[in-house]
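Please take me through this model in the viewer, telling me what to select at each step and what is to be found there.

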Amino acid sequence: MRQRLILSVPAATAPRHLAAALGAGDVAAVIIDAAAPEAPAQAAAAVTVGVAALLKGAAWPLPFAADGLHAEADAARLLSTRPDGAICGAAARTRHDAMIAGEKSADYVWFDGSGDVVKACEYAAWWQALFE
């Protein structure tokens with residue numbers, strides 16, 4: 001298994017700038033704010049180059065050309081109700097959140113240290129040691 005990038009896209013990012021960023025590395029997915037005015041165009045830019053467009057702040061069914069959800073709240077419900085073939089990852093602020101996401105078969109767990117990079121890295125190291 002090779003490691004790939006997941007980019008978190010700032011809401012005001014122009015689709016042409018996103019397209020340029022996607023060509024600069026091995027990007028598997030982008031996380032897009034569903035409420036951003038640029039969101040539909042950002043998702044289209046990602047999908048056009050074969051990168052999964054994941055929406056935060058959305059629910060099923062998916063709006064526009066998105067491939068899945070990035071659940072920041074209510075992850076257990078979103079994971080339990082996802083349609084077949086849809087991607088659903090989960091943000092985890094605690095180890096408990098991460099365990100629930102894993103039990104519900106999240107496609108990935110995103111460790112959110114709420115601004116504390118050291119804390120997020122500690123959670124990621126714990127997750128790796130426990131599950132790999």
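## The pocket and a helix pair

Begin with helix α5, which gives the most to the lining of the largest pocket, contributing 7 residues. Bear in mind throughout that the model is predicted.

With α5 (117-131) still selected, add the strands β2 (27-33), β3 (52-56) and β6 (109-111), since together these are the elements that give two or more residues to the lining of the largest pocket. The space in the largest pocket comes to about 1,100 Å³. To find the middle of the largest pocket, select Arg-4, Ile-6, Asp-107, Tyr-108 and Val-109, which lie nearest its centre among the 27 residues that line it. If you then colour the lining of the largest pocket by class, you should find 18 nonpolar residues, 5 polar ones and 4 charged ones.

Next, leave the pocket and select helix α1 (residues 15-22) together with helix α2 (residues 39-48), whose axes lie 9 Å apart and which pack at an angle of about 30°. Because angles under 35 degrees count as roughly parallel, α1 is roughly parallel to α2. The crossing that α1 and α2 make is right-handed.

To see the contact itself, show the side chains of Pro-15, Leu-18 and Leu-22 in α1, and then those of Ala-41, Gln-42, Ala-45 and Ala-46 in α2, which they meet. Of the residues in this contact of α1 with α2, 6 are nonpolar and 1 is polar, while none is charged.

How values were computed: Residues numbered from 1 in each chain as written. Predicted model: local features only at pLDDT ≥ 70, side-chain atom pairs only at ≥ 80, totals over all residues. Heavy atoms only, no water. 1 Å grid on protein atoms, 1.4 Å probe; cavity = no way out; pocket = protein on both sides within 12 Å on 5 of 7 lines; lining within 4 Å. Points joined across faces, edges and corners; volume = space filled by probe spheres on them. Helix = DSSP H or I, 4+ residues; strand = E, 2+ residues; numbered from the N terminus. Nonpolar A, V, L, I, M, F, W, Y, C, P; charged D, E, K, R; others polar. Axes fitted to C-alpha atoms, helices over the stretch in contact; angles between N-to-C directions. Parallel < 35°, antiparallel > 145°, perpendicular 65-115°, else oblique. Left-handed = near helix turned anticlockwise from the far one by under 90°. Contact = heavy atoms within 4.5 Å.
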